[in-house]
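Let's work through a few exercises on the structure below. Keep it open beside you and try each task before you read its solution.

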Amino acid sequence: MEYPILYSFIRCPYAMRARMALKLTNTKCEIREVRLNNKPKQMIDKSPKGTVPVLVLQKEVIDESNDIIEWALSSNNIFDGNIDHDQIDLTNNLIELFDSKFKYNLDRYKYATRYENINKDKHKKECLEILINLENLISNEGWILGSKINKLDISILPFIRQFRIADIEWFDKQNKIKGIQKILFNFLDSNLFKEVMYKYDVWEENAEPQFFP
Ligand SMILES: N[C@@H](CCC(=O)N[C@@H](CS)C(=O)NCC(=O)O)C(=O)O
């Protein structure tokens with residue numbers, strides 16, 4: 001049997017969310033760990049835009065993380081029933097907010113040297129404001145919207161983790177996001193997170209294939 005091929009990079013939050021969806025739906029893939037400064041030609045041939053994750057199926061290439069999640073869920077919607085029906089729009093709106101405004105500010109805070117005329121602290125504050133707003137919506141039951149993991153958790157927690165990593169001491173001291181800190185620690189401590197952070201060897205053309213999950 002031919003498995004889908006997943007081009008991935010361990011620390012990329014988009015690749016992380018895709019790996020979590022594939023793991024949770026038990027979708028076995030050949031995983032090809034890449035380095036962004038040395039992307040394999042085979043990946044670029046399939047997806048010239050050159051971002052990870054890329055999922056190569058028999059007849060289709062999916063090179064947007066949200067589309068990979070939807071593809072994985074289409075055959076096995078493990079999140080079905082994990083949130084109330086009226087939380088579906090909220091979930092999608094929050095994913096959109098994190099992919100746009102939060103990510104925009106996160107990049108300018110975390111990678112400030114890559115931009116000109118940047119006020120790093122302003123962008124840090126913008127991210128914090130988004131988290132404070134989120135704090136008012138979250139559950140106290142382990143995951144963002146309740147006791148069960150949902151698409152929202154796998155989609156945005158990798159970005160909140162990145163925000164924390166930029167200044168761990170400061171993040172852990174913020175007392176307006178206590179609920180988010182708790183959910184993030186629950187996530188970082190989960191088997192799911194540990195399993196999707198397994199360190200695969202960087203892919204080389206003639207090496208033995210490695211499989212995920
Ligand atoms: N919208 C894309 C974004 C993916 C993305 O930007 N991935 C980054 C790594 S985190 C990347 O591959 N960047 C290309 C590069 O740095 O060369 C998705 O959701 O899959």
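First, a term you'll need: a nonpolar core is a set of buried Ala, Val, Leu, Ile, Met, Phe, Trp, Tyr and Cys residues joined through C-beta atoms within 7 Å. And keep in mind that you're looking at a predicted model.

**Exercise 1: the core**

Task: Work out where the largest nonpolar core lies relative to the two domains.

Solution:
- Start with the members. There are 54 residues in this core, and Leu 6, Ala 21 and Ile 68 touch the most other members.
- Next, see who contributes. Helix 1 gives the most, with eight residues.
- Now bring in the domains. Both domain 1 (5-79 + 197-212) and domain 2 (85-193) give residues to the core, so it lies between them.
- Zoom in on Ile 68. Setting aside its neighbours within four places in sequence, Ile 68 is in contact with Ala 18, Ala 21, Pro 53, Leu 55 and Ile 62.

**Exercise 2: where the domains meet**

Task: Describe the side of domain 1 that touches domain 2, by class of residue.

Solution:
- Get the distance first: the centres of the two domains, taken over C-alpha atoms, are 23 Å apart.
- Then look at the contacts. Nine residues of domain 1 are in contact with nine of domain 2.
- On the domain 1 side, helix 1 provides the largest share, six residues.
- Sort that side by class and you get seven nonpolar, two charged and no polar residues.

**Exercise 3: the ligand's surroundings**

Task: Find which helices each supply at least two residues of the shell around the ligand.

Solution:
- List some of the shell: among the residues around the ligand are Phe 9, Cys 12, Pro 13, Tyr 14, Glu 64, Ser 65 and Asn 66.
- Match them to helices. Helix 1 (13-24) and helix 3 (65-75) each supply at least two.
- Finish with the classes: the shell has seven nonpolar, four polar and one charged residues.

**Exercise 4: two bent helices**

Task: Locate the bends in helix 4 and helix 6, then look at what is buried.

Solution:
- Helix 4 (residues 88-110) bends by about 40° at Phe 102.
- Phe 102 is also one of the buried residues of helix 4, which include Leu 94, Phe 98 and Tyr 109.
- Those buried residues pack against helix 5 (120-135) and helix 6 (151-166).
- Helix 6 has its own bend, about 30° at Leu 157, with Pro 158 following within four residues.
- As for cover, 13 of the 16 residues of helix 6 are buried.

Key: Residues numbered from 1 in each chain as written. Predicted model: local features only at pLDDT ≥ 70, side-chain atom pairs only at ≥ 80, totals over all residues. Near = placed C-beta within 6 Å. Nonpolar A, V, L, I, M, F, W, Y, C, P; charged D, E, K, R; others polar. Domains from an automatic or database assignment. Contact = placed C-beta atoms within 7 Å. Buried ≥ 20, exposed ≤ 12 C-beta atoms within 10 Å, placed from the backbone. Bend = angle between axes of the 7 residues up to and from the residue.
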